[in-house]
Every structure is written in C-alpha cells, then in structure tokens.
Amino acid sequence: PTVEFGLEAPFSVDYHETIGSTNDRARELAADGAADVAVLADEQTGSRGRLDREWSSPPGGVWVSVVSRPTITPAQAPLYTLAAAVAIAQAAREAGVDARIKWPNDVVVPVGDDGDYRKLAGILTEMEGETDRVDWIVPGIGINANVDADALPEGATSIRDEVGDVDRRRFVQRLLEEFDDYRSDLETVVPAWRDLALTLGQRVRVDRPAGEVVGEAVDITNSGALVIETDDGRQTVSAGDCEHLRPV
Ligand code: BT5
C-alpha cells in the first residue's frame, strides 16, 4: 500500500514504500550534508537494532530515521535517544496506548503490575563527529503501528493489538512535533523521561561487557545514564554499555 506521508515543517520527508534500512538511507543523506529530513518507509527489509541485532519491520509500521545537525557534544547524544523515547511514548499515549519507557531505548506497554511488559518501539541512534562536536545524529525510530503482533518477535506488541489502527500520517506528524520540541530544548528531556519511565523504582539486572550490575534503578543522570543502587553502593551505567536490561 502506498501511504501519503506528506508532513508539515520542520522536517522534509524522504518516503520509501520498501527500503533496506531507513537508518542507512539517513546516514547517506547526512553524509551529503542534509539536515532535518525524516526518512520514512512502509516496510524495511534489512533493518537493524542495537549491537547488530535484527529488527522486524513488516508493512504498516512506523519506520523513521531523522537527520539532525545539532550543536551538541557527543556526551549529549544519549539525550537524543531519550528525546525520541519520550516523543514516541507521548504520541502513543495520545493514541490511547499505555506506553511507558524502558531504559535505554525501548517504549513498552506494561503487562500486569509486576514489571512485565511488551515492546512497542525501539530506537537506534547513530552519529558522526569529533570528540567535542557532533556533525550529524540520526535517531532511528521503529514503532509497531498498524501491524499484527503475531508477525513480530515474541514479547512484542503493536498499536493495532493495543487499541486498533492509527492514521499514520497524523501519528508521525505528532511524533515529529514532539521530537522537535524536545531536541530544541534538551533540558526538558530528562524530567519528561522520568515521568514516563517504567524502569525507575524497579529492581533490574543490566548486562554490560564489563559484567552485570544488579540493583534498584533509582534515577538517570543529566546525560541519560542509569543510576543503580547495588548492595555495594551506587553505580552508573551508560546506555552505550547496556547490552540488556531486565527486571529481576
Ligand atoms: C532496538 O534495538 O530496539 C532498536 C530498533 C530500531 C529500529 C529502527 S526502525 C527505523 C530505523 N531503521 C533501522 O534499520 N533501525 C531503526 P534492540 O534494543 O537491540 O532490540 C532488538 C531486539 O528487539 C531484537 O533482538 C528482537 O528481540 C526484538 N525485536 C525485533 N523486532 C522487533 C519489533 N518489531 N518489535 C518488538 N521487538 C522487536
């Protein structure tokens, strides 16, 4: 199906019915000097998650990568992932979905009261730059919108399964407006994130290359790292070091 993704400012749209990965396309555009382009696809055939994991992108989802050229340092880059998470959660909540954020890069729907959840969306942020300056940054956003959760990996859910189909053009418009607001005012990201976080207050296990950290997730720092209260005191884990986070 061809979908009209004609959107209003601030982003111009690069739409593809089928593409390998919107992040790959966005990286090419960024390398050519583009800014404020939203690469959108109805379906992706080679989409990626973090750490070379596969991401399933059947037709009907919202698969979008946003080319941004902000004046930020690489240390602030994780805030872009959190900004995208907040924007996704808010757009999904407006559509009637009980969306919450799971650190560092997932939007989930809680199941029951014991910390269990299903994954609605994920974010893969890629960037290039110097040590003191980001040249471009691309948050790649995957949201299971008008797709059957049955067609997705175990543990996934979709907007269709939660509340029924959405008008994707309007949904993406709201998503990008929210994202644009947060990226233009990065100080607002962490407070908004805290309000929507499922992870805070949970007892979690984080797997890192340097070993696991177990304890209660008590906060995130101003740069988006997770603060965990362990038996041996507080430890801070950066998003880049997190392979998996699970409630325990
Ligand atoms: C992510 O990775 O959650 C980031 C996903 C980013 C996808 C977007 S779509 C637009 C843009 N273009 C791309 O090529 N990528 C971005 P991670 O945290 O590593 O989670 C990956 C894991 O989630 C997989 O190992 C599966 O277990 C699970 N998974 C795969 N597809 C899923 C889906 N559609 N819904 C829910 N879970 C999924």
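This passage describes the predicted model of a protein with a bound ligand, from overall fold to local detail.

Confidence in the prediction was examined at two levels. The protein has an average pLDDT of 94. A score of at least 70 is reached by 96% of the residues. For the complex, the predictor returns an ipTM of 0.99. The corresponding pTM is 0.96. Where pLDDT is low, predicted coordinates should not be read in detail.

The protein contains five helices and 12 strands. Its C-alpha trace spans about 55 × 45 × 30 Å along the principal axes. The radius of gyration is 17 Å. This agrees with a compact globule, because 248 residues packed in that way would give a value near 18 Å. Of the 248 residues, 44% are buried. Long-range contacts were also counted. Among contacts between residues at least 6 apart in sequence, 59% join residues at least 24 apart.

Helix H1 covers residues 22-31. Its buried residues are Thr22, Asn23, Arg25, Ala26, Arg27 and Ala30. An α-helix has 3.6 residues a turn, so residues three or four places apart point the same way. The buried residues of H1 pack against five strands by name: E1 (12-19), E2 (37-44), E3, E6 (116-129) and E7 (134-143). Gly33 follows H1 and has a positive phi, near 100°.

The ligand is surrounded by 29 residues. Ser21, Gly49, Gly122, Gly140 and Gly142 come nearest to the ligand. Four elements, H1, E3, E6 and E7, each give two or more residues to this shell. E6 gives the most, with four residues. H1 therefore appears both in the shell around the ligand and, through its buried residues, in packing against E3, E6 and E7. By class, the shell holds 14 polar, nine nonpolar and six charged residues.

Thr71 offers a contrasting local setting. This residue lies in the loop between strand E3 (62-67) and helix H2 (78-94). Thr71 is exposed, because just 7 other C-beta atoms lie within 10 Å, and a residue counts as exposed at 12 or fewer. Thr71 and Arg133 are 62 residues apart in sequence. In space, their C-alpha atoms are 7.0 Å apart.

Technical notes
Residues numbered from 1 in each chain as written. Predicted model: local features only at pLDDT ≥ 70, side-chain atom pairs only at ≥ 80, totals over all residues. pLDDT = per-residue confidence, 0-100. Buried ≥ 20, exposed ≤ 12 C-beta atoms within 10 Å, placed from the backbone. Contact = placed C-beta atoms within 7 Å. Near = placed C-beta within 6 Å. Nonpolar A, V, L, I, M, F, W, Y, C, P; charged D, E, K, R; others polar. Rg over C-alpha atoms; globule rule 2.2 N^0.38 Å.
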